[in-house]
Amino acid sequence: MQSQRAKDLAETGVSKAQAAGATYAEARVQKTWERQFVLKNGEPQPSFFAEGYGVGIRVISQGALGFAATNDLKTTSVGELARRAVRLAKASSGLLKHRVELDDSKPLQRKWTAPETRKVEDADSAWLREVLLDIEGRIADERAGVRLPGRLLYLGAELEERYYVNSDGSRVEGRLPRVGFLGSLTAVEGSATAQRFIQQGETGGLEVVKRIDLVRKVEEEARVMGKILREATKPPTDTLDVLLSPELSGIAAHESVGHPQEADRILGREGAQAGESYLKADSLGRRIGSLEANVSDDPNLLHSNGFVPVDDEGVEGKKRLLIKDGIIKEFLQNRTTAKEFGLRSNGAARSVAFDREPIIRMSNTYVEPGDYSSDEIIKEVKHGVFFKTFTEWNIDDKRLNQRYVALEAYLIERGELKGLLRSPVLEITTPKLWGSVKARSKHVEFESATCGKGDPQQGAPVWHGGPETLLTGIKLGAR
Amino acid sequence: MIGLDLHELNDIAIGTAKALGVDDAVALSAKGTDSMIRFANNSVTVANRVEESELTIYLARSRRRALASTSNLQSGAVKKFVRDLFSSMEGLPESDYAPLPARPNRFTPSSTGYDRKLESLEVELPEMAGTAIAAATASGGKRSAGVINAGKVTVAILTSTGTRGIDSRTAITLNIRSFAEKEASGHGLSCSSSLSGFEPEEAGRRAGEGAKAMRNASEPEAGKYTVLLSPTVASNLVETVAGAASAFAVDAGTSYLAGRVGKKVAARSINLSDHGVIKGGLGGRVFDDEGVRTRSNKIIEAGVLKGYLHNLTTASKWKVEDTGNAGFVAPHPWNLEIGGGDSTYGEMVKEMNKGIILTSNWYTRFKNYRTGEFSTVPRDGAYLVEGGRITRPLKGMRMGDDLERMFSSVTLLSKDREWIQWWEVDTPTLCPWMQIGGVTITRAYG
């Protein structure tokens, strides 16, 4: 956890900012530690280790927001940094048309940690390498039944420790260990190739690798790629049902529900980069999906990649019901946007490093489970396609027009899974997608991902997931 | 700074490493300052200033290699950091390895790409943002969002073989997006390594005019079109081509250019180069991460792939000359350049019978990097061209293709080129307008 000196520096930052004219000030001392290992086609790449330590100070002065950060942690430097943040805010206030104000969230004193069984700091190069070699040993030399001439395997362990203080009286100390895997597999069969990017990760210590059954998962992904190359046929082009797997339900929930329901987008604050939203401030209560469309974001899921029990404005993270029974119920809020909406923040402000300002982010976004078993929901489909995994995907910057290209996909006929299909494309509008939800299974899974937003970019760890979700009356696109 | 200057930091790190008995060591210390102002709805949203220093260390011993970075730059902490890194190499396996060049180099800062006027720019940024917003409003935009970044980065290198040097770069960029009615939006950029080349008013004007022209946009029919890509859109695709030219991507199976050296991969008019240092370039430096002098490398010449980008290790493995593009792990480009053609924008539009002009895009994602199949989502100004003239604004579409087919179908390039670096283009790229035939345009169902 953070030293007393780090805590004193944060306090200094806030008091110096107030003395310089800040009507509100906060300081976050953040320490990061990470260790990585990479195997490229079985060849070890240089092992990598990084540590970062710095302070970010955010202030409001003359109604404007200023943010300054440095890794120069001398007391005098932090004092100067605080004055600089205030100077920046004051200098920009001439271009201010909307004063920045905060909601009345209560000050919080809390110390939190994500649970871990085996300390993440014990992840030395040897341990990381052993895990990757175990995976490599199962997929190299056609051991998974497919030739994989391109194998890029990455395993990383990281720790974030932060101490947050603000002039409202909040004092929050957090410890967040995380283990994550990235794999790029390129399979070749004759002249055909297939590619799969696998991302897995959770908060926790070294136990994460076993808990998520990482080695077996990657081996299974490789095995399926061979089958796809050998067996997949052209997808149908008529109108049919589409069954989304947990992975596809999750990415759709993240891209076309979570992002457009970020209040900063809705208010236009991300307009030049990540974009705005098809939703407006008065869209709360609007129907966007069928009665079966239920999507939430919950930062408190144990072990989750997006575990954020307290956000970077000192607000406890709450489960957000984004769409309930097809109705838009709640947006993701920080203290500034909540004030504009006449609400209280629901704890969605996150920063990935000391030198980044906190902005509104998702945590773990998912389609809520339904009543069907996985078998029952397949039996519901007379003629359809099961999208199990995806490769290419994207969405427009208002979050209305999205596309998911499947890697592993199956034809469903009369309630039974049939053969593999080659790259079916779901290119669909957001209202059509969520308006077509007919049923959901009870079986929920999550995938880890890194969500991009902000300028400078902040890649935030998240989960997305859900159950199998059945869409009816869909016309597939083609690649 | 943390009390030590960059050279002192490097001296401490390399002195400690050599005393431990390494075969090779590189210390790269960097100091960066970045001032930023962001605005939305014609109002400032935040003013940022970040000052950071970092030390990166590379060690090799008995073909075991380790890489590490730290921001804890006190003298004692640096010594301990290097010793800990050395100890951690004990259990490492041998890996691909190429020694550092035995002959030491001395690098002095490049005379290009640095403007003292950008060193301390900070409180001046709001006025520049105001200029851009006013120009956008005067041109038809009702509300504008954007960001101005002004920054400086200095990097110093010292290696165990005695290579020593320092170099600095400055850059200022504006990304502005203006909105008119409903979904109508336009985009403007200004990217420069000097204050005199920075044109916030022009970028604002483009964004405002784009927003005005996009009113009442409608969706196109899906199908094949000739597309005219602005330098902003073309740069986004060019960067993915350069990424595929990294020897690391080729090795890892994530390059459509694997096995294509000496073969035709683009139209004859395509010439793609990378420059460590180039006049007007917003990135790069005179040395790479391994202390090798950077240079200009032809990646594609007259449509033929000339070679890959290498560091010492990949060059040794491929038995070719190092290109000065380290990255200790993966070689990467510094400043990209696509050669210009002989057309004007107006002539390129007139040449299109059934076409689409795209001025901005985002969210380029690949189905398969090995085949180069991808799609990307146009945004802001997009226009249908029929019979050589613009007939209506377009929205709600997607462009999908594969990189080799697209770059092989380039029909015209503009004479005028622009430097592009923004949210969707990391590597500074000097790029013309690009006309490409037979590109697939799709739209969403529902």
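This report walks through the domains, the chain contact, a helix pair and a sheet of a predicted two-chain model.

In this predicted model, local features need pLDDT of at least 70 and side-chain atom pairs count only at pLDDT 80 or more, while totals for chains, interfaces and linings use all residues. Residues are numbered from 1 along each chain as its sequence is written, and chains are lettered from A and ligands numbered from 1 in the order in which they are written.

**Domains**

Let us start with the domains, whose bounds come from an automatic or database domain assignment. The table sets out the two domains of each chain.

| Chain | Domain 1 | Domain 2 |
|---|---|---|
| Chain A | residues 4–231 | residues 239–475 |
| Chain B | residues 6–211 | residues 218–446 |

In chain A, the C-alpha centres of domain 1 and domain 2 are 22 Å apart. Across this boundary, 43 residues of domain 1 of chain A are in contact with 32 residues of domain 2 of chain A; two residues are in contact if their C-beta atoms, placed from the backbone, lie within 7 Å. On the domain 1 side of chain A, β8(A) gives the largest share, eight residues. That side divides into 16 nonpolar, 16 polar and eleven charged residues. Here Ala, Val, Leu, Ile, Met, Phe, Trp, Tyr, Cys and Pro count as nonpolar, Asp, Glu, Lys and Arg as charged, and the others, Gly among them, as polar.

In chain B, the C-alpha centres of domain 1 and domain 2 are separated by 23 Å. Their contact takes 34 residues from domain 1 of chain B and 31 residues from domain 2 of chain B. β6(B) gives the most to the domain 1 side, with seven residues. By class, that side of domain 1 of chain B has 14 nonpolar, 15 polar and five charged residues.

**Where the chains meet**

Chain A and chain B each bring 72 residues to their contact. On the chain A side, strand β3 (residues 47–61) gives the most, with eight residues. The chain A side has 25 nonpolar, 26 polar and 21 charged residues.

There is also strand pairing between the chains: β4 (residues 64–70) of chain A and β2 (residues 43–61) of chain B run parallel and are joined by five bridges. Strands pair if DSSP finds at least two bridges between them. Within this pairing, Arg49(B) is the bridge partner of Ala68(A). Strands (E, at least two residues) and helices (H or I, at least four) are DSSP runs, numbered from the N terminus.

**A helix pair in chain A**

Helices α3 (residues 125–139) and α5 (residues 214–231) of chain A have axes that come within 9 Å and cross at roughly 30°. Axes are lines fitted to C-alpha atoms, for helices over the stretch in contact, and angles run from 0 to 180 degrees between N-to-C directions. The two helices are therefore roughly parallel to each other, a term for angles under 35 degrees.

The contact is formed by Asp134(A), Ile135(A), Arg138(A) and Ile139(A) of α3(A) with Val215(A), Val218(A), Glu219(A) and Ala222(A) of α5(A). These comprise five nonpolar, no polar and three charged residues.

**A six-stranded sheet**

Chain A holds an open sheet of six strands in the order β20-β19-β16-β9-β25-β22, with mixed pairing. Its edge strands are β20 (416–420) and β22 (437–440), each pairing on one side only. The twist from one strand to the next averages 30°.

Inside the sheet order, β9 (residues 239–244) and β16 (residues 383–387) of chain A run parallel, joined by four bridges. Leu243(A) stands opposite Phe386(A) of β16(A).

Conventions
Angles under 35 degrees count as roughly parallel, over 145 as roughly antiparallel, 65 to 115 as roughly perpendicular and the rest as oblique.
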